Amino acid sequence: MAHTLLAALCLVVVIEGLVLFAAPRGWQAMMREALKLDPRTLRVFGAVAMVAGLLVLQLVH
């Protein structure tokens, strides 16, 4: 279980790195826009992303 979790976290880091490598200006623009958002809105986006990820993970497994 721990090995699988660590592998999944490593893949997240790889994907984040790919975004930064492939489109650094786009990432910067996205972060500037995120700074304008209310923290509550960011929390809602985060919660929706987590639920969507869990649902897709259930479908895959």
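Of the 61 residues of the chain, 0% count as buried, a result that refers to a predicted model. The accessible surface of the chain amounts to about 5800 Å², and carbon and sulfur atoms account for 76% of that area.

The chain contains three helices and zero strands, and its elements, read from the N terminus on, follow the order α-α-α. The radius of gyration of the chain is 14 Å, which lies well over the 10 Å that the globule rule gives for 61 residues, so the chain is more spread out than a compact globule. Taken along the principal axes, the box filled by the C-alpha atoms of the chain is roughly 40 × 30 × 20 Å.

On the surface, a nonpolar patch of about 510 Å² is formed by Ile15, Val19, Leu20, Trp27, Met30 and Met31. Two helices contribute to this nonpolar patch, in that helix 1, spanning residues 2–22, and helix 2, spanning residues 24–36, each supply at least two of its residues.

Among the residues of the patch, Val19 may be considered individually. Val19 is placed in helix 1, and its relative accessible area of 38% classes this residue as partly exposed. Because patches are made of residues with over 30% relative accessible area and no salt bridge, the 38% computed for Val19 satisfies the area cut-off of over 30%.

Technical notes: Residues numbered from 1 in each chain as written. Predicted model: local features only at pLDDT ≥ 70, side-chain atom pairs only at ≥ 80, totals over all residues. Heavy atoms only, no water. Patch = residues over 30% accessible without salt bridge, like charges linked within 9 Å, V, L, I, M, F, W, Y side chains within 5 Å. Areas by Shrake-Rupley, 256 points an atom, 1.4 Å probe, with all protein chains shown as cover. Salt bridge = Lys/Arg side-chain N within 4 Å of Asp/Glu carboxyl O. Helix = DSSP H or I, 4+ residues; strand = E, 2+ residues; numbered from the N terminus. Buried < 20%, exposed > 50% of the residue type's maximum accessible area, 1.4 Å probe, protein only. Rg over C-alpha atoms; globule rule 2.2 N^0.38 Å.
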